[in-house]
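Reader: I'm new to this, so could you pick one small part of the structure and walk me through it slowly? I'd love to hear what's odd about the backbone there.

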Amino acid sequence: KLQDILLICFSEEITLDRFIIPAAMLSSFKRILCVVPLLAAVVTAQVELDADTFNKVVDYQKDVFVQFYAPWCSHCHDMKPDYEDLAVEFKGKPDLVIARIDADANQQLALEHKIEGFPTLRFYKKGSYTFEEYIGERDQVSMARYITEQTGIKPSGESIKFRKEEIKKLPLLDELDDAALMDAINTEAKKTALLMFRKEDGSLKKYRVMQKVKRAYARDNDIIVAAVDIKKAPQFRKRYKIKKVPLVLLLKYGEIDPDLAVRFDDPEFTALRMVEFVNDHAGMFRQLDGNLQANAGLVLEFEEFTKRFFMMGTDKEKQQVINDAVNLAESVPLRHIHYYKEIFQNCMKDSGYLQREETALEEYLQRHTEGTSEHDWATVRLNIIRSVREVDEQVKNGTVFTEEDMGLVEHEEEDLGLGWDEVFEGDMEVDGIGGPGVEESIHEGL
């Protein structure tokens, strides 16, 4: 926090060990650091570099292990915990820095250093003015072993203690048998279930991954993340033809039909991949840290229904759009359907509803704490309301078209009593047009 304050207050900075400190304050801080060693607590284990600080840290006067990453890179996200652990292992070691740099935000520097993929890991050797590309495994143990081989410096073991404490904080998975599983899914409530079938107390590493996924969806009431002891669930084992465990299945919206179950087959069995998997297949909007995505609640299928709704002239036509939207229950979470239905019905009764609802939701969010399920659901509702209002304005301004207007919706062909072979023979007349040019005209139209 001291570093953050300094960065805000001063513009000229130099590097002192792992601090970034204004030149004018350098001598004072040297005295302070000598007299008050506790200030060292503000030094972070992992150093974040940018284009201005990179050459100051990578100065070949010390050993530096650097990760070049990009925020959008899934492999970078996957190895983030291990890299943080690595930094903890070598925290405070003299003449050794564990650092990383956002190559996407510092593209010129990445170009100069010929960074072509992410993540790229490099070890800059003290006094050698060269680097070695690290191509080993990206887990903390393998990277620590490599650094020890290069420097002779041994890891402290602190990250192991830290991770043990973190594991204790992870939520345990409910262990379900056939009866409990059927009750948990609750087909009437249309809950989504992410289930890990395993042997009792088996697959601990993957179990930890499932715990992280459960933590990510802790504030969602319409999804359960659980473990199933394969020996205690013979009916489900037979239903889903499970022959090998561990196996992760996603059952959407209370549907237990084996043909509709989705298997998690990603070779990268990580929490991040699994959260993305659930979001994609079950219409959820979570990030791995449990926070909402920016587009939470916005369902692509409903955008077209919203356009159609506001373009309809009569209440009967609008009600038909609502009925069609409700039929999306198989592919969209039930709560989203209910809210869109509520919005459409209120818009039929009250032209000022959207504006008042948006204002009310904004005021609600100001009064409630972020990070709660109530705040999340209000955020989702606000996103939906704003999206619907935007479409309403576009329709009023005549700047929106439906897929049907643009010819993207297929219609049944009118039966002319002719097969396609007869159409392309060139002797059919349509509206007075016929002869040899018909085939070419039809092809041009298609």
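Author: Quick bit of vocabulary before we zoom in: helices here are DSSP runs of H or I with at least four residues, strands are runs of E with at least two, and both get their numbers from the N terminus. Keep in mind that this is a predicted model. The protein has 18 helices and twelve strands, and our spot is the loop between helix 10 (234-239) and strand 11 (247-251).

Start with K241, which sits in that loop. Its phi is near 50°, a positive value, and K241 isn't a glycine. That catches the eye because most residues other than glycine have a negative phi. As for its surroundings, K241 counts as exposed, at 65% relative accessibility.

Now move along to P246, which is found in the loop between helix 10 and strand 11 too. The peptide bond from V245 to P246 is cis, with omega near 5°. Again, that's worth a second look, because most peptide bonds are trans.

Want something to set beside each oddity? For the bond, try F118 and P119, which are joined by a cis peptide bond with omega of about -10°. P119 is in the loop between helix 5 (107-112) and strand 6 (120-124). For the phi, go to D95: it has a positive phi of about 60° and isn't a glycine. D95 is in the loop between helix 4 (74-89) and strand 5 (96-102), and it's partly exposed, with a relative accessible area of 42%.

Terms used
Residues are numbered from 1 along each chain as its sequence is written. This is a predicted model: local features need pLDDT of at least 70, side-chain atom pairs count only at pLDDT 80 or more; totals for chains, interfaces and linings use all residues. Side-chain values use heavy atoms; hydrogens and water are left out. Buried means under 20% relative accessible area, exposed over 50%, partly exposed in between (1.4 Å probe, protein chains only).
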